[in-house]
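Hello,

Here is the structure I promised to pass on to you. Have a look at it first, and then read on for what turned up in it.

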Amino acid sequence: MTKKKSRRKPTRTRVPAELFRARSESSNVVWPGSGSANTNVVLAFLYQLQLSQWWPWAELERATFRQLHEIVAFTADTPLYRERLDRAGIDPGVALTPASWQQLAPLRVHDLEPFVRHGPIAVPTSHGPDAPIVWRDGSRKPALRRPAITAFFDAAVRMRELQWHGRDPGGAVVRVDATHPGAPGSVAGRDGWDTALGCLGATANRVVLAQTESPTAILAALRRTGADVLECSSAVLATLVALAPQTKMPPLRLVRVHGETLDDALRAAAATAFGARVRFHLAHALTGAVAFECGEPGALHVQAEHVYVELVDAQDLAVSPGVTGRLLVTDLHNLRQPVPRFDTGWSARWGTPCACGRGLPVLELSPGPTA
């Protein structure tokens, strides 16, 4: 008797009807939305991401190294990159492996000046126009660029995050941000998931507050807008939670923490104070989204279709499971000005597979600032 194969049931998340209702560009076609070219690109990426998130890591890794090999082959004729490839003993004509990739020396901020002097590489027109990379402090130095296709991938993984959280794009959001503070104090605009929501018919009221705003001003903005989402650093969140014993907190659906690690005590306190789910989002200027949590708190999933993340020791070699290492990140699709194996300065170790069943690797960040 043949034993019937078991099938893994995907985790089901309630997704608001508005979430993937694209703004239609065709007259008299309102649903399903016939989106713009940019919208269609993002949604096509998202469809693939919804499938690949269930792949086992071995399959994701094979796909990752095929894409990394494209970067190696594309840059091999550029002297700046060819010199680094030769030093690492990487032959662009030979399939790339984790062992050969690890021979490339990691790059830090002070190593980027030669890339700035060299300037961007000409890419196929299908990669779209490029844009400057804005660093965490709001500056554009080192002056590096990335093509539109990387922004599309970033938007797609952020839309995946929207889906994981069941986030309603029609709701208001208050964002407290050191990089793009409002002036004076706040500005109205789109939701805080950047270009992701530009693909959707529903827009949201967004209030952006400077990191220096008082907790009272932040709480007032939440009440004034009726926001159901707060985006802030863990430091800001801690100051707000400290007021909970003497101040009635506005109810929220989601608190999205960025920029720093989030400890369990603060997560629990914030969940109690606001009656909300509290989730962490990790991003870097060079790549956009790096990792974020699914419905399981603490499960920080690497967005492996968008970035390649490595954890290395003092000799720049991969660490064993459970061992803390330095986090390196590579954008898989920036051929305009690639920065392979960039050392973020973050520390992390590999976590255990998430209960959600996704094959995306799980990170456990070490305490301390991340960006």
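Let's begin with a pocket. By class, 17 of the residues lining the second largest pocket are nonpolar, 5 are polar and 3 are charged. Please keep in mind that you are looking at a predicted model. The lining is made up of 25 residues, and those nearest the centre of the pocket are W57, E61, V309, W350 and P361. The space inside this second largest pocket is about 460 Å³. If you wonder how such a space is found, rolling a probe the size of a water molecule over the atoms shows where empty space is left.

Which elements supply at least two residues each to that lining? They are α2, covering 57–75, and β11, covering 307–312. The largest share comes from β11, with 5 residues.

Next, follow helix α2 along its length. It has 19 residues, and at 1.5 Å a residue these should span 27 Å; the C-alpha atoms at its ends are indeed 27 Å apart, so the two values agree. Which residues of α2 are buried? They are L60, T64, F65, L68, H69, I71, V72 and T75. These buried residues pack against the helices α1 (37–52), α3 (79–88) and α4 (98–101), and also against the strands β11 and β12 (325–331).

T75 is a good residue to click on. It lies in helix α2 and has a relative accessible area of 3%; it counts as buried because that is under the 20% cut-off. Leaving out residues up to four places away in sequence, T75 touches Y81, R82, L85, I121 and P338.

One of those contacts, R82, leads us on to the salt bridges. There are 17 of them in the model. R82 forms one with D86, where the closest N and O atoms are 3.0 Å apart. Both residues lie in helix α3, and they are 4 residues apart, about one turn of the helix. Buried or exposed, or something in between? R82 has a relative accessible area of 32%, which means that it is partly exposed. D86, at 46%, counts as partly exposed too.

Helix α3 also holds the pair R87 and E83, which are 4 residues apart and so separated by about one helical turn. Their side chains meet in a salt bridge, with 3.0 Å from N to O. Here R87 is exposed, with a relative accessible area of 60%, whereas E83 is partly exposed at 47%.

For a salt bridge between two strands, find R326 and D343, whose closest N and O atoms are 2.7 Å apart. R326 lies in strand β12 and D343 in strand β13 (residues 342–350), so the pair ties together parts that are 17 residues apart in sequence. D343 counts as buried, because its relative accessibility is 9%.

Finally, some salt bridges join up into a network, which links E161, R175, D177, E231 and R256. Try selecting those residues together on your screen.

Happy exploring, and do write back with any questions!

Best wishes

Technical notes. Residues numbered from 1 in each chain as written. Predicted model: local features only at pLDDT ≥ 70, side-chain atom pairs only at ≥ 80, totals over all residues. Heavy atoms only, no water. 1 Å grid on protein atoms, 1.4 Å probe; cavity = no way out; pocket = protein on both sides within 12 Å on 5 of 7 lines; lining within 4 Å. Points joined across faces, edges and corners; volume = space filled by probe spheres on them. Nonpolar A, V, L, I, M, F, W, Y, C, P; charged D, E, K, R; others polar. Expected span 1.5 Å × (residues − 1). Buried < 20%, exposed > 50% of the residue type's maximum accessible area, 1.4 Å probe, protein only. Contact = heavy atoms within 4.5 Å. Salt bridge = Lys/Arg side-chain N within 4 Å of Asp/Glu carboxyl O.
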